[in-house]
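Here are some short exercises to work through with the sequence and the 3D view open side by side. Try each task before you read its solution.

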Amino acid sequence: MAKFHATKMTIRWGDMDAYGHVNNTLFFRYLESARFDFFEQVCMPVLESAPMIILAKIDCQFKAELQYPADIVVQTSISRFGNSSFDVHAEIHQGDKLCAVSEATMVWIDRKTRRPDKIPGPVCEAIEQYQAGE
């Protein structure tokens with residue numbers, strides 16, 4: 001099983017909606033923050049400049065509501081590598097409670113052409129080493 005990258009976050013009072021729980025749109029913000037925390041920690045050390053990565057698709061299964069006040073942990077891992085795209089699996093946990101499961105497809109983009117580009121080998125290697133626990 002792949003090692004997850006954990007990103008800790010604190011729910012803000014303003015994240016709640018009129019129903020008294022965190023609005024579903026905020027789950028996607030938490031997932032985005034965790035994806036970029038993962039890339040900054042694992043991928044940026046092997047790159048010369050910041051990559052251009054776009055979100056092509058995302059889905060989220062909501063398992064349990066979140067309410068303020070709370071701390072959450074978003075666990076992130078890469079579940080599939082393609083030539084220019086990869087899938088990010090993520091789970092949002094509040095303590096022992098699984099609150100959401102997400103799959104996102106990200107595409108590596110060439111800054112000049114704005115077209116999909118091959119994921120650099122050092123990035124794939126860094127992710128594979130991290131997830132293997134090395």
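The exercises below go from the whole chain to single residues, and the model they use is predicted.

**Exercise 1. The overall layout**

Task: Find how many helices and strands the protein chain has, and in which pattern they follow each other.

Solution:
- Step 1. Count the elements: the protein chain holds two helices and five strands.
- Step 2. Walk along the sequence, and the pattern reads β-α-β-β-β-β-α.
- Step 3. Look at the extent: along the principal axes, the C-alpha atoms fill a box of roughly 45 × 35 × 25 Å.
- Step 4. Compare with a globule. For 134 residues, a compact globule would have a radius of gyration near 14 Å, and the 16 Å of the protein chain agrees with that.
- Step 5. Check burial: 40% of the 134 residues are buried.

**Exercise 2. The surroundings of strand 4**

Task: Work out which strands pair with strand 4, and why strand 4 is described as largely enclosed.

Solution:
- Step 1. Start with strand 3 (residues 71-81), which pairs with strand 4 in the antiparallel sense over eight bridges. A hairpin of three residues connects strand 3 to strand 4.
- Step 2. Turn to strand 5 (residues 97-109), which runs antiparallel to strand 4 and is joined to it by 10 bridges. Two residues lie between the strands in this hairpin, where Gly95 takes a positive phi near 60°.
- Step 3. Use Ala90 as a landmark. Thr76 stands opposite Ala90, and in strand 5 the bridge partner of Ala90 is Ser102.
- Step 4. Add the accessibility: nine of the 10 residues of strand 4 (residues 85-94) are buried, so the rest of the structure largely encloses this strand.

**Exercise 3. Cysteines without partners**

Task: Find how many disulfides there are, and say why Cys43 has no bond to Cys124.

Solution:
- Step 1. Apply the cut-off, which asks for two cysteine sulfur atoms within 2.5 Å. The count by this rule is zero disulfides.
- Step 2. Take Cys43: its closest cysteine sulfur is that of Cys124, and because the two are 8.7 Å apart, they are too far for a bond.
- Step 3. Take Cys99, which is in no disulfide either; the nearest cysteine sulfur, in Cys60, is 10 Å away.
- Step 4. Compare accessibility with the burial limit of under 20%. Cys43 has 3% relative accessibility and therefore counts as buried; Cys99, at 0%, counts as buried too.

**Exercise 4. Two residues in context**

Task: Decide whether Gln61 and Asn83 are buried, partly exposed or exposed.

Solution:
- Step 1. Place Gln61 in strand 2 (residues 52-62). Its relative accessibility is 44%, so Gln61 counts as partly exposed.
- Step 2. Look across the fold: Gln61 and Ser102 are 41 residues apart along the chain, with 6.3 Å between their C-alpha atoms.
- Step 3. Place Asn83 in the loop between strand 3 and strand 4. At 53% relative accessibility, Asn83 counts as exposed.
- Step 4. The C-alpha atoms of Asn83 and Trp108 are 9.0 Å apart, while 25 residues separate these two along the chain.

**Exercise 5. The largest pocket**

Task: Describe the space in the largest pocket and what kinds of residues line it.

Solution:
- Step 1. The largest pocket holds about 150 Å³ of space.
- Step 2. Find its lining, which includes Leu47, Met52, Trp108, Asp110, Arg111 and Pro120.
- Step 3. Sort the lining residues by type: seven are nonpolar, one is polar and three are charged.

Note on methods. Residues are numbered from 1 along each chain as its sequence is written. This is a predicted model: local features need pLDDT of at least 70, side-chain atom pairs count only at pLDDT 80 or more; totals for chains, interfaces and linings use all residues. Side-chain values use heavy atoms; hydrogens and water are left out. Buried means under 20% relative accessible area, exposed over 50%, partly exposed in between (1.4 Å probe, protein chains only). Helices (H or I, at least four residues) and strands (E, at least two) are DSSP runs, numbered from the N terminus. Two strands pair if DSSP finds at least two bridges between them. On a 1 Å grid over the protein atoms alone, a cavity is a set of points where a 1.4 Å probe fits but cannot get out, and a pocket is an open set with protein on both sides within 12 Å along at least five of seven lines; lining residues have an atom within 4 Å of a point. Grid points are joined across faces, edges and corners, and a volume is the space filled by probe spheres set on the points. Ala, Val, Leu, Ile, Met, Phe, Trp, Tyr, Cys and Pro count as nonpolar, Asp, Glu, Lys and Arg as charged, and the others, Gly among them, as polar. The radius of gyration is taken over C-alpha atoms; the globule rule is 2.2 Å times the number of residues to the power 0.38.
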